[in-house]
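Reader: I would like a close look at a single part of this model, taken slowly and with its surroundings kept in view. Please begin with one residue and work outward from there.

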Amino acid sequence: MSNFYVEIVAFILNISGWVLVCSTLPMDYWKVYSLDGVVLATATYWSNLWKTCVMDLTGVSDCKGFPSLLALDGRLFFMLIECLGYIHTCRGLMIAAVCLGFFGSAFALFGMKCTKIGGSERTNGRITCVAGVDFILSGLCSLSAFSIYANQITSEFFDPKFFGQKYELGAALYIGFGGSVLCIIGGSMLCFSFTNSFTKRFVHSQENSIYNGAA
């Protein structure tokens, strides 16, 4: 497969993965817990990076946002950090992933061969490689965020000393894991397309120098 088609496939994978990762930010079900009755679930508790909610059988939800760190005094501040520190870590990683993916998309549009915006082939290759690195970092940031969040859920679920509500992994985490992997794969393909074209140019220049020397 030529570098042109590799870049097209990589760009599609990257954009798809980045959109999936971005879509998980406003999603509700990062973690979910169902309070089962005799026949149907009587209440569903769910939480994401911004709030925690409960929804009854009629579909009415009651939500409460996480408290602001800036509005707390010193002791409560450290207590909240201990309880919800992973939430703020995941927020920071997700914001970093979204920003890196955005810049990666911009660099990819300028550097891909099909757009012919970046300038010379060498400059395009370098811009494309930067885009690939951006997408790889974006995928790693989001993958780290989803892993930290999932680890917190599973740690509480299997901890016999934890007596609070034991949540399960929500749909947003599965979507996020898939999007992160797509970003990493697509970014690696962009970097591969640059190294492959660089290797071809190097081999071609070596062949020319050998030919000229023989002549």
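Author: Asparagine 48 is buried in this predicted model, because its relative accessible area is 1% and a residue counts as buried when that value is under 20%. The place of this asparagine is in a loop, the one that joins strand 2, residues 41-47, to strand 3, residues 51-56. Two polar contacts of the asparagine 48 side chain can be described, and both are made with backbone atoms: the backbone oxygen of methionine 27 is reached at 2.9 Å, and the backbone nitrogen of lysine 51 is likewise reached at 2.9 Å. Once neighbours within four places in sequence are set aside, the residues in contact with asparagine 48 are Pro26, Met27, Asp28, Trp30, Phe66, Ile87 and Tyr149. Methionine 27 therefore appears twice in this description, as a residue whose backbone oxygen is reached by the side chain and as a member of the contact list, where contact means heavy atoms within 4.5 Å.

Tyr149, on the list for asparagine 48, falls within helix 3, which spans residues 121-157, while Ile87 from that list falls within helix 2, which spans residues 74-111. These two helices can be followed further through other residues.

Valine 98 is found in helix 2, and beyond its neighbours within four places in sequence it is in contact with Trp18, Cys22 and Leu25. The C-alpha atom of valine 98 also lies 6.9 Å from that of serine 138, although 40 residues separate the two in sequence. Aspartate 134, which lies in helix 3, is buried, with a relative accessible area of 12%. Its contacts beyond four places in sequence are with Leu100, Phe103, Gly104 and Phe107, and its C-alpha atom is separated by 8.7 Å from that of serine 105, a residue 29 positions away along the chain.

Two of the contact partners of aspartate 134, Phe103 and Phe107, are also part of a nonpolar surface patch of about 380 Å², made by Phe102, Phe103, Phe107 and Val130. Helix 2 supplies the largest share of that patch, with three residues. Phenylalanine 107, which is found in helix 2, is partly exposed, since its relative accessible area of 33% falls between the limits of 20% and 50%. The loop that follows, between helix 2 and helix 3, holds lysine 113, which is partly exposed at a relative accessible area of 28%. Lysine 113 and threonine 128 are 15 residues apart in sequence, and their C-alpha atoms are 9.0 Å apart in space.

Helix 4, residues 171-214, is the place of phenylalanine 177, a residue that counts as partly exposed at 26% relative accessibility. Leaving aside neighbours within four places in sequence, phenylalanine 177 is in contact with Leu143, Phe146, Ser147 and Ala150. Its separation from leucine 20 is 157 residues in sequence, whereas the C-alpha atoms of the two lie 9.1 Å apart in space. The end of this part of the chain calls for care, as pLDDT stays under 50 over residues 200-215, and the model has two contacts beyond four places in sequence for that stretch.

To place these details in the whole, the protein chain has four helices and five strands, and from the N terminus on its elements run α-β-β-β-β-α-α-β-α. Buried residues, asparagine 48 and aspartate 134 among them, make up 33% of the 215 residues. Of the contacts with a separation of 6 or more, 63% are accounted for by residues 24 or more positions apart. The accessible surface of the protein chain comes to about 12,200 Å², and 69% of it belongs to carbon and sulfur atoms. As for confidence, the mean pLDDT of the protein chain is 79, and 73% of its residues reach 70 or more.

How values were computed: Residues are numbered from 1 along each chain as its sequence is written. This is a predicted model: local features need pLDDT of at least 70, side-chain atom pairs count only at pLDDT 80 or more; totals for chains, interfaces and linings use all residues. Side-chain values use heavy atoms; hydrogens and water are left out. Helices (H or I, at least four residues) and strands (E, at least two) are DSSP runs, numbered from the N terminus. Buried means under 20% relative accessible area, exposed over 50%, partly exposed in between (1.4 Å probe, protein chains only). Accessible areas come from the Shrake-Rupley method with a 1.4 Å probe; for residues, only the protein chains shown count as cover. Patches are made of residues with over 30% relative accessible area and no salt bridge: like charges are joined within 9 Å, nonpolar side chains (Val, Leu, Ile, Met, Phe, Trp, Tyr) within 5 Å. A salt bridge is a side-chain nitrogen of Lys or Arg within 4 Å of a carboxyl oxygen of Asp or Glu. A polar contact is a pair of N or O atoms within 3.5 Å; within protein, one must be able to donate a hydrogen and the other to accept it, and residues adjacent in sequence count only if both atoms are side-chain atoms. pLDDT is the predictor's confidence in each residue, from 0 to 100.
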